[in-house]
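Visitor: I am new to this structure. Please walk me through the reasons behind the words used for it.

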Amino acid sequence: MLEATDLTKSYGNFTALKGLNLSVKEGEIFCLLGANGAGKSTTINLFLNFIAPSSGTAKIQSMDVSKHAQDTRQLLSYIPENLKLYPNLTGIENLDFFCGLGGRTHTKDQLEDLLIQSGLQRDFIHQRVSKYSKGMRQKVGIALARARDARVLLLDEPTSGLDPKASNEFSELLLELKNKGVATLMATHDLFRAKDTGTHIGIMKEGTLIEQFESDEVSFQDLEKLYLKHMHN
Ligand SMILES: Nc1ncnc2c1ncn2[C@@H]1O[C@H](COP(=O)(O)OP(=O)(O)OP(=O)(O)O)[C@@H](O)[C@H]1O
């Protein structure tokens, strides 16, 4: 579903991403860990076609994202650390607006159902987003992914700053989408969530994916040790 082949991104003499090879299949959640500046967001941004690779390819459903920008964008939903919503519109109005941008229309009942399935409390659906917590805004992002029937989710530190309950709720939503066959690539600093929610984990350092394994292969303690070992070397 998602495939990076020798994917490289340089800025002048500096190489932010060095020959990344990675694949994320349907029903997998691949968590990218790594220190600040390791290249996680660069990877996500290349799949989003926000930036162009210096060499190599990023493919979604076998289509090179830089050659098939429109077709690949149709397949994905993106949730950044701070999802941009219109604060003066309600949750349901935001969802309606963003669905409309993607050429999709839904009835009011459908939109309400999407928000409720995504864990938003009924009382808040018709309240302005300016009153929402960060966790609630992220749930609108999940509702949008559902509404778009996204096959691919690209997430850049989506749970950063969420309290443990909100972070747990977000993980539950990711697992539901995983069970529907969605392929997810998530940059995160949360080792616990990566182990708990991810099917696969990659550790990046200075633009290189230095480790990748299935999350079942390691205990949380071993993951933490491995991560810290790489960060100290
Ligand atoms: N437009 C740019 N010009 C020059 N260097 C850049 C540019 N964008 C990113 N970089 C550099 O590329 C490297 C990788 O950045 P990236 O944002 O991918 O890291 P990250 O792993 O997502 O870090 P964080 O955990 O802080 O979000 C960093 O050293 C960053 O300074």
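Guide: In this predicted model, the shell around the ligand has five nonpolar, six polar and one charged residues.

Visitor: Which residues are around the ligand?

Guide: They are Tyr11, Phe14, Ala16, Gly34, Asn36, Gly37, Ala38, Gly39, Lys40, Ser41, Thr42 and Ala187. Two elements, β2 (14-24) and α1 (40-47), each give two or more residues to this shell.

Visitor: Which element gives the largest share of the shell?

Guide: Helix α1 does, with three residues.

Visitor: What makes Lys40 the charged residue of the shell?

Guide: Lys is one of the types that count as charged, along with Asp, Glu and Arg. Lys40 is in the list around the ligand, and the class count gives one charged residue.

Visitor: Let us step back. How many helices and strands does the protein have?

Guide: There are eight helices and 10 strands.

Visitor: Why is the protein called as compact as a globular protein of its length?

Guide: Set the value against the rule. The radius of gyration is 18 Å, and the globule rule gives 17 Å for 233 residues. The two are close, so the protein is as compact as a globular protein of that length. Along its principal axes, the C-alpha trace spans about 50 × 40 × 30 Å.

Visitor: How much of the protein counts as buried?

Guide: Of its 233 residues, 42% do. As for contacts between residues at least 6 apart in sequence, 68% join residues at least 24 apart.

Visitor: What does the UniProt record say about residues 2-231?

Guide: An unreviewed UniProt entry annotates them as "domain: ABC transporter". In the model, this span is 37% helix and 27% strand. Its end C-alpha atoms lie 27 Å apart.

Visitor: Now the inside. Which residues have the most contacts in the largest nonpolar core?

Guide: They are Phe47, Leu95, Leu115, Val152, Leu154 and Leu185, in a core of 62 residues. Helix α5 (residues 134-147) gives the most to this core, seven residues. In soluble globular proteins, nonpolar side chains tend to be buried together.

Visitor: What is Leu115 in contact with, beyond its neighbours within four places in sequence?

Guide: Its partners are Gly91, Ile92, Leu95, Leu120, Ile125, Val140 and Ala143.

Visitor: How do you know whether Ala143 is buried or exposed?

Guide: Count its neighbours. Ala143 has 28 C-beta neighbours inside 10 Å. The cut-off for buried is 20 or more, so Ala143 is buried. Ala143 sits in helix α5. Beyond four places in sequence, Ala143 is in contact with Leu95, Leu114, Leu115 and Ser118. Ala143 and Ile116 are 27 residues apart in sequence, with their C-alpha atoms 8.4 Å apart.

Visitor: What makes Asp71 exposed?

Guide: Asp71 has 12 other C-beta atoms within 10 Å. Exposed means 12 or fewer, so Asp71 meets the cut-off. Asp71 belongs to helix α2 (residues 69-75). Its C-alpha atom is 9.2 Å from that of Ile60, 11 residues apart along the chain.

Visitor: Why is Leu228 called exposed?

Guide: Leu228 has 11 C-beta neighbours inside 10 Å. With 12 or fewer as the cut-off, Leu228 counts as exposed. Leu228 is in helix α8. The C-alpha atoms of Leu228 and Leu153 are separated by 28 Å.

Visitor: And what about Asp222, buried or exposed?

Guide: Asp222 also has 11 such neighbours, so Asp222 counts as exposed. Asp222 lies in helix α8 (residues 220-232).

Visitor: What is notable about the phi of Gln61?

Guide: Phi is positive, about 45 degrees, although Gln61 is not a glycine. Most residues other than glycine have a negative phi. Gln61 lies in the loop between β4 (55-60) and β5 (63-64).

Visitor: Why is Gln61 called partly exposed?

Guide: Gln61 has 17 C-beta neighbours inside 10 Å. Partly exposed lies between the two cut-offs, 12 or fewer and 20 or more. Therefore Gln61 is partly exposed.

Visitor: What makes Glu206 partly exposed?

Guide: Glu206 has 14 other C-beta atoms within 10 Å, so Glu206 is partly exposed. Its phi is near 45 degrees, a positive value in a residue other than glycine. Glu206 lies in the loop between β9 (200-205) and β10 (208-214).

Technical notes. Residues are numbered from 1 along each chain as its sequence is written. This is a predicted model: local features need pLDDT of at least 70, side-chain atom pairs count only at pLDDT 80 or more; totals for chains, interfaces and linings use all residues. A nonpolar core is a set of buried Ala, Val, Leu, Ile, Met, Phe, Trp, Tyr and Cys residues joined through C-beta atoms within 7 Å. Helices (H or I, at least four residues) and strands (E, at least two) are DSSP runs, numbered from the N terminus. Two residues are in contact if their C-beta atoms, placed from the backbone, lie within 7 Å. UniProt positions are given in the numbering used here, feature names are shortened, and annotations may be inferred rather than shown by experiment. The radius of gyration is taken over C-alpha atoms; the globule rule is 2.2 Å times the number of residues to the power 0.38. A residue is near a molecule or strand if its C-beta atom, placed from the backbone, lies within 6 Å of it.
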